[in-house]
Amino acid sequence: MEVLKVSGNVDFKAAKGCYIQDVLPGDVDRYGCAYLNDQDGGTLLLGVMDDGTVEGITMNQGEEDNVVRTVYDAFRNFLPKVSPSMINVRFVPVHHVEHRGASPSEPGLKVAEISVQGGPLDELYETGSHKVYIKRDGNVEEQNPLQIKDLVISRYILSGK
């Protein structure tokens, strides 16, 4: 299997078992909010192990549609409103790397890529459950009211208003 080497705001999820139904909505809230609150945005890759090993997940068209629906439904509840143009979901086929090039692996094996643009500096995004997340030192952290206040003040100063 191929191992990805990436930089920036990219996070990996193996997405095994019932991940799409049970865990993805919460991950979209946490990571999506953190990416929106980071000027650089970020990308969540489903079907990639924590060490960057690409394993892929088997998805048919209906399952892909379910992922897209889950992602956009979560962002629909964010405040302030998130433009759909700030979100991109795509499915990348997984190929085994061979000595003579790449050949397709099992049909339907893909990596789901959920990319989120960073929001403007003068906006602080919250999830539909009124939680605020940011990325700090590679981790997604929920912010308490005092941290949110400090974040708003620092953004206000940085924006020059």
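**A look inside the cavity**

1. Start with helix H2, which gives the largest share of the lining of the largest cavity, 5 residues. Keep in mind as you look around that this is a predicted model.

2. How much space lies in the largest cavity? About 40 Å³. The search covered the whole structure and turned up 1 cavity of 30 Å³ or more. If you wonder how such a search works, rolling a probe the size of a water molecule over the atoms shows where empty space is left.

3. Now for the walls. The lining is made up of Asp 27, Val 28, Tyr 31, Gly 32, Tyr 35, Leu 44, Phe 75, Ile 114 and Val 116. Sorted by type, that gives 7 nonpolar residues, 1 polar and 1 charged. Besides H2 (24-36), strand S7 (109-116) also supplies at least two residues of the lining.

4. Back to H2 itself. This helix has 13 residues and reaches 17 Å from its first C-alpha to its last, close to the 18 Å expected at 1.5 Å a residue. Its buried residues include Asp 27, Val 28, Tyr 31, Gly 32 and Tyr 35, and those names also appear in the cavity lining. Leu 24, Cys 33, Ala 34 and Leu 36 of H2 are buried too.

5. Zoom out to the chain. You'll find 4 helices and 9 strands, running in the order β-α-α-β-β-α-β-β-β-β-β-β-α. Of the 161 residues, 40% are buried. Among contacts between residues at least 6 apart in sequence, 72% join residues at least 24 apart.

6. Finally, the outside: the chain exposes about 9100 Å², with carbon and sulfur atoms supplying 51% of it.

Note on methods. Residues are numbered from 1 along each chain as its sequence is written. This is a predicted model: local features need pLDDT of at least 70, side-chain atom pairs count only at pLDDT 80 or more; totals for chains, interfaces and linings use all residues. Side-chain values use heavy atoms; hydrogens and water are left out. On a 1 Å grid over the protein atoms alone, a cavity is a set of points where a 1.4 Å probe fits but cannot get out, and a pocket is an open set with protein on both sides within 12 Å along at least five of seven lines; lining residues have an atom within 4 Å of a point. Grid points are joined across faces, edges and corners, and a volume is the space filled by probe spheres set on the points. Ala, Val, Leu, Ile, Met, Phe, Trp, Tyr, Cys and Pro count as nonpolar, Asp, Glu, Lys and Arg as charged, and the others, Gly among them, as polar. The expected span of a helix is 1.5 Å times one less than its number of residues. Buried means under 20% relative accessible area, exposed over 50%, partly exposed in between (1.4 Å probe, protein chains only). Contact means heavy atoms within 4.5 Å. Accessible areas come from the Shrake-Rupley method with a 1.4 Å probe; for residues, only the protein chains shown count as cover.
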